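Visitor: I am new to this structure, and I would like to learn how to read it step by step. Could you show it to me and begin with how its contacts are counted?

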Amino acid sequence: MNTHASPEIIRTDNVTKKFGEMVAVDHVNYSLCENEIAGIIGSNGAGKTTFFNLITGYYTPEEGTVIYEGKDITALPAQKRVALGMMRTFQLTSTFDSLTVTDNLVLSFIRAHKKHSLFNLFVTPRSRHRNNDKIKECLETFDLQQVAQRDVKHLSLGEKRRLEIAMSILAEPKVLLLDEPLAGLSETEIKGVLDVLRLNVSKQTILIVEHKISKVEDFLERLTVMHEGKIIADGKCEECLNAPEVRKSYWQID
Amino acid sequence: MDTQLLISGVIFGLSIGSVFFLLAIGLSLCFGLMRIISLDQLLYYAIGAYITYALFRSTGSVWIGVLGGMVISGLVAFGVERFIFLRIYERDITFTMIASFGILIAGVGAIKYVWGLAPLPVPSPIGAMATILGTEIPVYRLVVIVISILVYVGIWAFLNKTITGKAIRAGIEDIEHVEGLGINVYKLFTTTFIIAGVLSGLAGGLHAPLIMVDPQMGLEVLPFVFMVVIIGGLGSIKGTLVSAFIVGQVISLGAIIYGPLAQMAPFAIMLLILLIKPTGLYGSKLLKR
């Protein structure tokens, strides 16, 4: 099933999540290797976001286990998983509207680059971070220099999305999990976001959940298709999309 | 109404508003960040006043008393946060509110046990009078107003300039996403709670020379402080300052116009403001969650 040479970083064994009678994720076995660029697609209600929430700790599965770097993290809360190097974005952007773009970046920066003791938290950003090269570099890469001092609430959706991905990359996670990062963006903005993600390819494991395959097809090394809580295809994009089950369930609906 | 009465009324209103402001920012920040209605802040207010009294009796200086009151209030707040709130933050807001009311009542009981039921006097540390437009004003009242404005500036700088402050503002917006960045939000909670406790203690210490220190003093200001928080808009520091001064003026000038108005007029004003602007003067979209 998996031809990637690098070691496994995330694995799920038989994870199951039910909402009342509905089985949202049904005994899913999935594994992700280091530095892999993988995607999960599926129609609405296929269970992809639920599965994502199980991996990132926003839900706890009723059955099964989630393994991260060989350790069982099934019961670990979301913020502890962040500390292990898992970073996620949300369908609705999770930037802080009342802060400036730079301040948003500073907040995502502090955890990654030093132990944040209370004392360190009292340091003003101007003294330590404002001229920080990493943040500067990040603003340039994501084409956010012009809006660096602007409050996030005045940004466009594309800019917010870029900022959100910038924040998650700045935290230097081992695994970057992106939940529909392209939803609601224009064609040029999509290209911008993907270009930025490409810069980090081979340095990071990336898992993307998307609704529409056409947007991310060229970008992914591996594709998984979910339908009604189950994985129905897994492998190279083309193979997956031509698989008979996928043709039946995914293409028909989408 | 003559000018002298009006001027002394305005100054009286500003000084009482200053005390309300110091109490209300703590409540407002605690609600904004931790989603708790921390009625026990009024206990730290009373503790601040009693420690001021006690230290004044032993050292002869009201100012040492006020400082000591801030320290002790902060320490008690820290203890309460550690041993009680840390275990119940996740619970329903009504649960934490009732718990905080329990802490307040228990604390008032402890104060009665230690200092007795009788109201105790604390003299004004500054006896001098200043003359403004021919009206004699106690300098101490002016000092109280200046201190509260300095606190406002300090809190503003803390929230806007330091990383902790920015993290607190981010947390007021969306605490789960702050957690998602891997920031330990409980440290932010503790920091905020201690700041609130220290400011409540400061409010009590500064208020002590203007009133008699008595065990029920927290419960007596409770409705007014609540009003300040609600009129100002939850989570807004600027709104809290403005509304504290409004409520102070309404109480003070209301009393000059017609005695019984002092108690009732603020409620009428609150009703009016909420009818026009349900989120309060500077209310944000906080309540959407």
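Guide: Two residues are in contact if their C-beta atoms, placed from the backbone, lie within 7 Å. Please keep in mind as we go that this is a predicted model.

Visitor: What share of the contacts in chain A with a separation of 6 or more comes from residues 24 or more positions apart?

Guide: In chain A, 69% of the contacts with a separation of 6 or more join residues that are 24 or more positions apart. As for burial, 44% of the 254 residues in chain A are buried, and the chain has ten helices and ten strands.

Visitor: How should I read the confidence of chain A, and where does pLDDT stay under 50?

Guide: pLDDT is the predictor's confidence in each residue, from 0 to 100. The average for chain A is 78, with 87% of the residues scoring at least 70, whereas residues 115-119 of chain A stay under 50, and for this stretch the model has six contacts beyond four places in sequence.

Visitor: Into which domains is chain A divided?

Guide: Domain 1 of chain A is made of 1-85 + 175-191 + 203-254, and domain 2 covers 95-172. Where they meet, six residues of domain 1 of chain A are in contact with six residues of domain 2 of chain A; on the domain 1 side, these are three nonpolar, two polar and one charged by class.

Visitor: In what order do the strands of the open sheet of four strands lie?

Guide: The order is β2-β1-β4-β5 in chain A, and the pairing is antiparallel. Because β2 (22-33) and β5 (71-72) of chain A each have a single partner strand, they stand at the edges, and one side of each is left without a neighbour in the sheet.

Visitor: How many bridges join strand β1 to strand β4 of chain A?

Guide: Five bridges link β1 (residues 8-19) of chain A with the antiparallel strand β4 (residues 63-68) of chain A; as one example, A:T16 has A:E63 in β4(A) as its bridge partner.

Visitor: How many residues does each chain bring to the contact between chain A and chain B?

Guide: Chain A brings 24 residues and chain B brings 18 residues. On the side of chain B that touches chain A, at least two residues come from each of α6 (163-173), α7 (175-180) and α8 (185-207) of chain B, and α6(B) gives the most, with seven residues. Sorted by class, that side of chain B has five nonpolar, six polar and seven charged residues.

Key. Residues numbered from 1 in each chain as written. Chains lettered and ligands numbered in written order. Predicted model: local features only at pLDDT ≥ 70, side-chain atom pairs only at ≥ 80, totals over all residues. Buried ≥ 20, exposed ≤ 12 C-beta atoms within 10 Å, placed from the backbone. Nonpolar A, V, L, I, M, F, W, Y, C, P; charged D, E, K, R; others polar. Domains from an automatic or database assignment. Pairing = 2+ DSSP bridges.
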